[in-house]
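Me: I'm new to this one and would like a close look at a single part: the salt bridges. Could you walk me through them once the structure is up?

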Amino acid sequence: MTNGQDKMVRSISNGNLQIKVSEHGAELTSLLYGGKEYLWQADPKYWGRHSPVLFPIVGAVYENRFRIGSREFSMNQHGFARDMDFVILSEKDDEIWFRLESSPDTLEKFPYRFILDIGYRISGSEL
């Protein structure tokens, strides 16, 4: 299954609870419990995202620019992770882990090397 950006959406379930997560942004896109959807379904008429990962900032910087030392950077609202493809580190029936690592592209926006791991695990009726 793919989302609107043609990225793979992964699904894990334990019979009680099922989630779907997009590789694009490691974004949770569905949370089904007892056959009922509990997550916003990204109606583009109102807001086209589900549950975006906000990294490396939550919020915005003034005029999308900030300085570290003498260097100036450009950063969109809520950072860049939500708009990047993550790789899958591991996937089981009830658990999935994603990773985003710094790259030449991210270092142009944010001058620090990083590894961002995001995991989702289902246990009983809990996520």
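How many salt bridges does the count come to?

Reply: Sure, and keep in mind that this is a predicted model. The count comes to 10 salt bridges. In general, side chains of opposite charge can pair when their charged atoms come close.

Let's start with R10 and E23, whose side chains meet at 3.0 Å, N to O. This pair links distant parts of the chain, with R10 in strand β1 (residues 9-13) and E23 in the loop between β2 and β3, 13 residues apart. R10 counts as partly exposed because its relative accessibility is 27%, whereas E23 is buried, at 17%.

Next up is E95, which forms a salt bridge with R121, and here the closest N and O atoms are 2.7 Å apart. Again distant parts of the chain are linked: E95 is in strand β8 and R121 in strand β9, 26 residues apart. E95 counts as buried at 14% relative accessibility, while R121 is partly exposed at 47%. Shared partners matter too: salt bridges join R10, E23 and E91 into one network.

Now look at E108 and R71, a salt bridge at 3.8 Å, N to O. E108 lies in helix α1 (residues 104-109) and R71 in strand β6 (residues 71-74), so the pair ties together parts that are 37 residues apart in sequence. E108 is exposed at 54% relative accessibility, and R71 is partly exposed at 40%.

Methods
Residues numbered from 1 in each chain as written. Predicted model: local features only at pLDDT ≥ 70, side-chain atom pairs only at ≥ 80, totals over all residues. Heavy atoms only, no water. Salt bridge = Lys/Arg side-chain N within 4 Å of Asp/Glu carboxyl O. Helix = DSSP H or I, 4+ residues; strand = E, 2+ residues; numbered from the N terminus. Buried < 20%, exposed > 50% of the residue type's maximum accessible area, 1.4 Å probe, protein only.
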